[in-house]
Amino acid sequence: MDRPRHRPRRGVGIGVSRSEPRPTVWVLGDQLHRRSGALADRDPGDCRVLLVTSVHKIDSKRWHRQRLHLVLSAMAHFADELREEGFDVDHRTAPTLAAGLRAHREEHDVTHVVAMEPMSWDGRNLLDRLGVERVRNDQFTCHHDEFATWAGDRSSFKMEDFYRWQRRRLDVLMEEGPDGPEPAGGQWNFDHDNRERPPRDGRSWPTVERFEPDDIDREVIDALPDSCWGAEPDGTWPVTRAQALARLDEFVATGLAPFGPHEDAMLAAEWKLAHSVLSSSMNLGLLHPSEVVEAAADAYWAGDAPIGSVEGFVRQVIGWREYVWGVFWLWMPDYRGMNALDAGRRVPPVLSSGADTEMACVESAMRHLHDHGYTHHIERLMVFGNLALTSGVDPAAMTEWMWASFVDGAEWVMLPNVIGMALYADGGRMATKPYASGGAYINRMSDSCRSCRFDPKQRTGTDACPFTTLYWDFLARNAETFASNHRLARQLASMRRLSDLDDVRDRAAEILASLDAGEL
């Protein structure tokens, strides 16, 4: 049986009588849901639909090949689906989004254009400048206005508090207790149970079915610019809603139950372990988070998946994902310019241009990224982010690199995750301490150190793990900034007791020089 389609509320739109010229509904490239936004209640004949592929956007970054293909193919497939339904669709390529709208207006003599609120700050300003009517964005379970109301005038707030508020108001994984609704399983958070080390038993992990590329896919692939990098698209990433629904069903059936315990583990031979890889589909609008969470919760109530795995997954979707969305809108536009640690190093060649590296964990994560345009959150935070943080990479440059490199990348995703979580560039607004670590964490949570020539226990000498050396150097060069952070008091005290701190810092200078040269 076909899954019922999500029908979000329309928002505030202006009705158009049949005697007036048909309005144009402008669908942006990350709003590809038939029952969403300005298109939600429209029928063929009510309106014309516009999609614009921006040449400027394509040329603006060195995109991962699978990332760019995903967006362009999904837009083209959506346009075709609307045409098959009977809509008059204008899907055009133009120098810029604004130029595409101007050409559409001139060609079709359009006076009224309506679109759903864009996902980005700049996109919203663009629509306002172009005189496009906006309807409320409904691609999240919590609109950013609702998030701002929740945050209120608090001087600080935590994701965990927001997550519990979400669970209560959405009635997700809640059951009736003696004193009212309480969390399923008796506790809100099973995170402590979901931090197991990588298994050593050689178990198999859930695989994903690849979708056969069609004529649209092949046409998009053939037209990708030479500037793209990464492996060719291979059908891993859903480009239609039907494919996205199939991937959701596949995850619930095979990946949800084993997801939780090892969600923080890193294995060189496994690019996703039991992660859902649904983020790109949600970020493009092919799936709505409410239906994703409902499918996971149903599996728990049916006894098909344990509470630890289901709660951990639900927390990623209606907790962390929507928290990131909320703080993006709450703190923009100043947020993207933050650089609290005054970091200015360029993105190292091992990331930006695929330079060879002897760091096994970085090589493994980069291989996953090259092959799939994806790594899971711990590789992003504790390998890529940790390396950028401890080496002092410029936050804006790192954000740009991650935005262009991941299939689920977007400005609203990457700004809070990079500036707030990974690089501590916001000075602690999002994370109470920097997520910096030496090689010990990577050794505990991955299998990379077993085959690496560097020793995670060493901080000086040519065999010292770069992460371990850079960790202590990072604390030393930012000691004054961190002096008032009570969560770093123990680490700073340990750093001051190092008898070889001068040698550590000398070795760190050598590592940074090699990193900049792409020779580490």
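In the predicted model, Val 49 of strand 2 lies opposite Val 89 in strand 3. The preceding residue of strand 2, Arg 48, is placed opposite Asp 88 of strand 3. These pairs belong to the contact between strand 2, which covers residues 48-54, and strand 3, where seven bridges join the two strands in parallel. Val 49 also has a partner in strand 1, since it is the bridge partner of Val 25. Strand 1 and strand 2 are likewise parallel and are paired over three bridges.

Strands of a sheet pair through backbone hydrogen bonds, in either a parallel or an antiparallel arrangement. Here, five strands make up an open sheet with parallel pairing, and their order is 3-2-1-4-5. The edges are occupied by strand 3 (88-94) and strand 5 (133-135); each has a single partner strand, so one side of each is left without a neighbour in the sheet. On average, neighbouring strands of the sheet are turned by 30° against each other, with direction ignored.

Helix 3, formed by residues 97-108, packs on this sheet. Its contacts extend to strand 1 (24-26), strand 2, strand 3 and strand 4 (113-116). The direction of helix 3 makes an angle of about 135° with that of strand 3.

Strand 2 is mostly covered, with seven of its seven residues buried. In a regular strand, side chains alternate between the two faces of the sheet. In strand 2, Arg 48, Leu 50, Val 52 and Ser 54 point one way, whereas Val 49, Leu 51 and Thr 53 point the other way. Residues of both sets are buried, including the charged-class Arg 48.

A second site of packing involves helix 5 (residues 144-151) and helix 6 (residues 159-170), whose axes come within 12 Å and cross at roughly 115°. The crossing of helix 5 with helix 6 is right-handed. Helix 5 contributes Glu 146, Phe 147 and Trp 150 to the contact, and these meet Asp 161, Phe 162, Trp 165 and Arg 169 of helix 6. Classified by residue type, this contact comprises four nonpolar and three charged residues, with no polar residues.

Helix 5 also contains His 144. The relative accessibility of His 144 is 7%, and the residue is therefore counted as buried, the limit being under 20%. When neighbours within four places in sequence are left aside, His 144 is in contact with Glu 117, Arg 124, Trp 325 and Trp 329. A further link across the sequence concerns Val 327: His 144 and Val 327 are 183 residues apart in sequence, yet their C-alpha atoms are 8.1 Å apart in space.

At the level of the whole protein chain, the secondary structure amounts to 21 helices and seven strands. The radius of gyration of the chain is 24 Å, close to the 24 Å given by the globule rule for 520 residues, so the chain is as compact as a globular protein of that length. The C-alpha trace spans about 85 × 60 × 50 Å along its principal axes. Of the 520 residues, 60% count as buried. Among contacts between residues at least 6 apart in sequence, 75% join residues at least 24 apart.

Note on methods: Residues are numbered from 1 along each chain as its sequence is written. This is a predicted model: local features need pLDDT of at least 70, side-chain atom pairs count only at pLDDT 80 or more; totals for chains, interfaces and linings use all residues. Side-chain values use heavy atoms; hydrogens and water are left out. Two strands pair if DSSP finds at least two bridges between them. Helices (H or I, at least four residues) and strands (E, at least two) are DSSP runs, numbered from the N terminus. Axes are lines fitted to C-alpha atoms, for helices over the stretch in contact, and angles run from 0 to 180 degrees between N-to-C directions. Contact means heavy atoms within 4.5 Å. A crossing is left-handed if the near helix is turned anticlockwise from the far one by less than a right angle, and right-handed if clockwise. The radius of gyration is taken over C-alpha atoms; the globule rule is 2.2 Å times the number of residues to the power 0.38. Buried means under 20% relative accessible area, exposed over 50%, partly exposed in between (1.4 Å probe, protein chains only).
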